[in-house]
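Trainee: I would like a close look at the aromatic rings in this model, and at what lies around them.

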Amino acid sequence: MNSFKDVFDRYQWDEIKDRLGKVTHSDVLNSLQRKHKTLDDFLNLLSPAAAQELELMAKMTRQLTQKRFGKTIQLYAPMYLSNECQNICTYCGFSLDNDVRRKTLSDTELMIEGSVLKSMGVNHLLLVSGEANKTVGISYFLNAVRLLKPHFANISIEVQPLSEEEYLQLHQEGVYSVLVYQETYHQEVYKEYHPKGKKSNFHFRLDTPDRIGRAGIHKIGLGVLLGLEDWRVDSFFNAFHIDYLQKQYWKSRFSVSFPRLRPAEGIIEPNFIMEDKDLLQLICAYRIWNEDLEISISTRENEKFRNNIISLGATAMSAASKTNPGGYAVDVESLEQFETSDERSMEEVKNSIRKAGYDPVMKDWDPAYSGF
């Protein structure tokens, strides 16, 4: 059975890093003018040489996004189910080696948190959890989806990698999308960031989107943790992964997120600093390369950046996020995965979207359309 692992070695990390440094201004202009963009064009638009064309790239990004998605921003909110985790990850507040109080939501607490989010107007819910298979495994996730699905138009999940059969079960229960991040595609240093736990298996995680695609999930979300390694090289491999998946699982939609390393309990400092202008260049490169790709911006980013990105490529945003289990109502002091930067309420975010001339969308998909 084919998987991304079979083609991953087509490119080498140092080779891509070297190619990025050799891109010329002429290469960038040629890529911007080319009608049908390739992965090589994406590499050119990621390069340091492309930074001098950021204004033109931003203009193209605005036009392409409006043409494909209109002037709308889909809003969603995460619900953290548990901060229990069996992995040691050097950048995460949930890491097993952090001596903190652990919390997993009960059925009653799930419904209380759901009720609070519903009262905020949330209709798109993202269920998030630490990776603790025995405590929060497939049975827990299926139960949570069954409890919450009647109250929300759209349920997505961001949990530990599962088997194809388990993803099929979630699909049958009505899960719309699954997000999974490789964190970094730098295989040689991946183990240093993940010294213990199932997550330390680089290739098992690498093949996760294939299992999601084979299970028929409607949308697959990918991304890298920006700050671990060179953001340009990591983002090239992430785009390579998306390019492969779109060809293999053409019935699914795809999204990309841009989590920048944020402060959290016991984590390392970023190895690579990514400035706002770098993130803007990355977002523009993705949009110009792939007009159909959905682009999601989380509350890791600050209010000013999120306000500016509304008209520059974003199609979805989280709002009023709490990154700890029970953070909305039942246990506001439990351990958070990371600090959020944009702490505005849902209404404040909606108002900022309207002020920019865009429409905040709380519901744009319904299970009734699943047969089409």
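Which residue lies over the face of Phe-152, and at what distance from the ring centre?

Mentor: This is a predicted model, and in it Lys-118 lies over the face of Phe-152, at 5.3 Å from the ring centre. A further charged residue over a ring is Arg-211, which lies over the face of Phe-204 at 4.0 Å from the ring centre.

Turning to rings that face other rings, the structure holds 18 aromatic pairs. One of them joins Tyr-190 and Phe-202, whose centres are 5.0 Å apart with 80° between the planes, an edge-to-face arrangement. Because Tyr-190 belongs to helix α9 (residues 187-193) and Phe-202 to helix α10 (residues 202-206), this pair ties together parts that are 12 residues apart in sequence. Both Tyr-190 and Phe-202 are buried. The pair of Phe-236 and Phe-237 is likewise edge-to-face, since the ring centres are 5.8 Å apart and the planes stand at 85°; Phe-236 counts as buried at 0% relative accessibility, and Phe-237 is buried with a relative accessible area of 1%. These four residues belong to one aromatic cluster, whose members also include Phe-4, Trp-13 and Tyr-244.

Phe-237 also leads to the nonpolar interior, as it is among the residues with the most contacts inside the largest nonpolar core, which has 103 residues. Phe-258 is another of that group, and, leaving aside residues up to four places away in sequence, Phe-258 touches residues including Leu-226, Leu-282, Tyr-286 and Glu-301. A second, separate core of 17 residues includes Phe-94 and Leu-261.

Technical notes
Residues are numbered from 1 along each chain as its sequence is written. This is a predicted model: local features need pLDDT of at least 70, side-chain atom pairs count only at pLDDT 80 or more; totals for chains, interfaces and linings use all residues. Side-chain values use heavy atoms; hydrogens and water are left out. A nonpolar core is a set of buried Ala, Val, Leu, Ile, Met, Phe, Trp, Tyr and Cys residues joined through side-chain atoms within 4.5 Å. Buried means under 20% relative accessible area, exposed over 50%, partly exposed in between (1.4 Å probe, protein chains only). Contact means heavy atoms within 4.5 Å. Rings of Phe, Tyr and Trp (its six-membered ring) pair if their centres lie within 6.5 Å; planes under 30 degrees apart count as stacked, over 60 as edge-to-face and the rest as tilted. Helices (H or I, at least four residues) and strands (E, at least two) are DSSP runs, numbered from the N terminus. A charge sits over a ring if NZ of Lys or CZ of Arg is within 6 Å of the ring centre and within 35 degrees of the ring normal.
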